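Here's a walk through the sheets, helix pairs and a few odd backbone spots of one model. Have it open while you read.

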Amino acid sequence: MDKKTGVYICTGCGIGDMLDVDALVGAAEESSPDEVKTHAAFCGEEGFAQIKADVDGGVNTVVIAACSPRAFAEKFKFDGCIVERANLREHCVWIMPTDEELDKIEDDEEKTKLNESRQELAEDYIRMACTRVAKTELPEPYAGEEEGAEFSKAVLVVGGGVAGLSAAREASAAGYPVVLIEKEAALGGFAVKMRQQARLPYKDLYDKDIDQLIAAVEGEANIKVFLGAKIDQIEGGPGMFDVSISANGSSSTEKIGSIVLATGWTPYDATKLTELGYGAGPDVITNVQLEEMAGQGQITRPSDGRPVNKVAFIQCAGSRDPKHLPYCSSVCCTVSLKQATYLQQDNPETQVYVIYKDMRTPGQSEDLYRKVQQDGAVFIRGQVESVSAEGGQLTVLAQDELLGESVILDELDLVVLATGLVPTTKPTRAMIDRFLKAEAEAGEGDEEKSDEDTGLAEDAA
């Protein structure tokens, strides 16, 4: 497609007062554009209409010499056009002395130099903008390798938990067709297993609303749901993905424009936390196990089904620890406060202890923290030294950093480890092995290459 260029020089905002506009037009004409026009305000209705009329008439390369490209950025977007901005206002006029300031300069030679440099700077900006558009190719829509292929507006959402369901519903509400795939036989993810949820305002717990979210997605005609599904292959590129999906013994290929990964998380492997007593007895459990138990009804001791009267929560179990998870998962403190509330709801006489490094309850989560304190929970800032389960009795030895002494919590019914979250998109050992095998087969690397060389193996286990 041939270029048809228009240069539009604005004279407003002091540009016409401080610069020689005819000389600016001459600088623009050096590149032989098809149109050169001036106006006091191309951002205004009348001035913009001139540019728009030229674009509608065939101008497909536009140079606007006016203000900063940050100003009216959306307004001066024209589909299928090259658009270049020459900043005469901020870069030329507003940074130089005004005529009144120049009049105060007694040295005529200095005054002349400033005037000339201001003009030369503006003309150079126009020349540079015209040169850039001359060397820029007109954008051509990507049509794909297949003849007649068209872009797809469909959004693929991978994962049917709260994040995936929310993404699917919002994309559908915005008018986009959605394909939602979930590897399990039902939607909802871990939220289905929860008893209640903590959300704004945080002082009280609320019944989970995952069922309503699932119903809203399943009832939306613009959302196609695949359950018990997996992605076999993704080919193509943005706007033109071909996604092969297997679900319940059948397969299909969907044309997809964009992909949202909402595959969720898995709890950190608590079997690595033997120093915190996991595996020493059935009554040392994780926050995920407690939530699942609460979602099914009463919270009891896994060992014998007896009621729970005394519980210790150990925060940052394996988190913020270079040997395990170096990061904070951000939700564990609020989850433990919620679960402490479960116990106090079931039996107000239950004694709850929370051993923490830092309680991270930003914003209105602080209200829930305060409520659990008022309900009688004891918070101990410190480090856990040991967890024992001898003779069926759980005992936690901790160092209280505020008191500067050891604290013994004995005759506990439960010890709950607040383990962190691991994103499911984190590279796994199997993924790394497949990568190394494919690389070796392709002859792109040494078969002896170590995991460290790939950059994928760190913390993969």
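## Sheets, helices and some positive phi values

Alanine 312 stands opposite tyrosine 353 in strand 17. That puts us in the pairing of strand 16 (residues 310-317) with strand 17 (residues 351-356), which is parallel and runs over 5 bridges. Two strands are called paired here if DSSP finds at least two bridges between them, while helices (H or I, at least four residues) and strands (E, at least two) are DSSP runs, numbered from the N terminus.

Before going on, a word on the source: this is a predicted model, where local features need pLDDT of at least 70, side-chain atom pairs count only at pLDDT 80 or more, and totals for chains, interfaces and linings use all residues. Residues are numbered from 1 along each chain as its sequence is written, and side-chain values use heavy atoms, with hydrogens and water left out.

**The mixed sheet**

Back to strands 16 and 17: they belong to an open sheet of 7 strands, in the order 15-21-16-17-18-19-20, with mixed pairing. Its edges are strand 15 (284-286) and strand 20, each of which pairs on one side only. From one strand to the next, the twist averages 35 degrees; axes are lines fitted to C-alpha atoms, for helices over the stretch in contact, and angles run from 0 to 180 degrees between N-to-C directions.

At the strand 20 end, strand 19 (residues 393-400) and strand 20 (residues 405-412) pair in the antiparallel sense over 6 bridges. Leucine 397 stands opposite isoleucine 408 of strand 20. The hairpin of these strands, 19 and 20, has 4 residues between them, and glycine 404 takes a positive phi there, near 70 degrees.

What lies across this sheet? Helix 10 (residues 332-346) lies across strand 16, strand 17, strand 18 (378-390) and strand 21 (414-419), and runs at about 170 degrees to strand 16. Contact, here and below, means heavy atoms within 4.5 Å.

**The parallel sheet**

There's also an open sheet of 4 strands, in the order 9-6-5-13, with parallel pairing. Strand 9 (223-227) and strand 13 (258-261) are the edge strands, each pairing on one side only. Ignoring direction, neighbouring strands of this sheet are turned by 15 degrees against each other on average.

Strand 6 (residues 178-182) pairs with strand 9 in the parallel sense over 5 bridges, and valine 179 stands opposite lysine 224 in strand 9. Helix 7 (residues 162-173) packs on the sheet and touches strand 5 (155-158), strand 6, strand 9 and strand 13; its direction makes about 170 degrees with that of strand 6.

**Two helix pairs**

Two packed helices are described by the angle between their axes and the distance between the axes. Here's how two pairs look:

| Helix pair | Angle between axes | Distance between axes |
|---|---|---|
| Helix 2 (residues 21-29) and helix 6 (residues 108-134) | about 30 degrees | 9 Å |
| Helix 9 (residues 287-296) and helix 10 | roughly 40 degrees | within 11 Å |

Helix 9 is therefore oblique to helix 10, whereas helix 2 and helix 6 are roughly parallel to each other. The cut-offs: angles under 35 degrees count as roughly parallel, over 145 as roughly antiparallel, 65 to 115 as roughly perpendicular and the rest as oblique.

Which hand do the crossings have? Helix 9 and helix 10 cross in the left-handed sense, and helix 2 and helix 6 in the right-handed sense. A crossing is left-handed if the near helix is turned anticlockwise from the far one by less than a right angle, and right-handed if clockwise.

For helix 2 and helix 6, Ala23, Leu24, Ala27 and Ala28 of helix 2 meet Gln119, Ala122, Glu123, Ile126, Arg127 and Cys130 of helix 6. The residues of that contact split into 7 nonpolar, 1 polar and 2 charged. Ala, Val, Leu, Ile, Met, Phe, Trp, Tyr, Cys and Pro count as nonpolar, Asp, Glu, Lys and Arg as charged, and the others, Gly among them, as polar.

In the other pair, Asn287, Leu290, Glu291 and Ala294 of helix 9 meet Val335, Lys338, Gln339 and Tyr342 of helix 10. This contact of helix 9 with helix 10 comes out as 4 nonpolar, 2 polar and 2 charged residues.

**Positive phi outside glycine**

Cysteine 13 isn't a glycine, yet has a positive phi of about 55 degrees. Cysteine 13 sits in the loop between strand 1 (5-10) and helix 1 (15-18), and counts as partly exposed at 46% relative accessibility. Buried means under 20% relative accessible area, exposed over 50%, and partly exposed in between (1.4 Å probe, protein chains only).

Asparagine 248, another residue other than glycine, has a positive phi near 55 degrees. Asparagine 248 lies in the loop between strand 11 (240-247) and strand 12 (250-256) and is exposed, with a relative accessible area of 67%.
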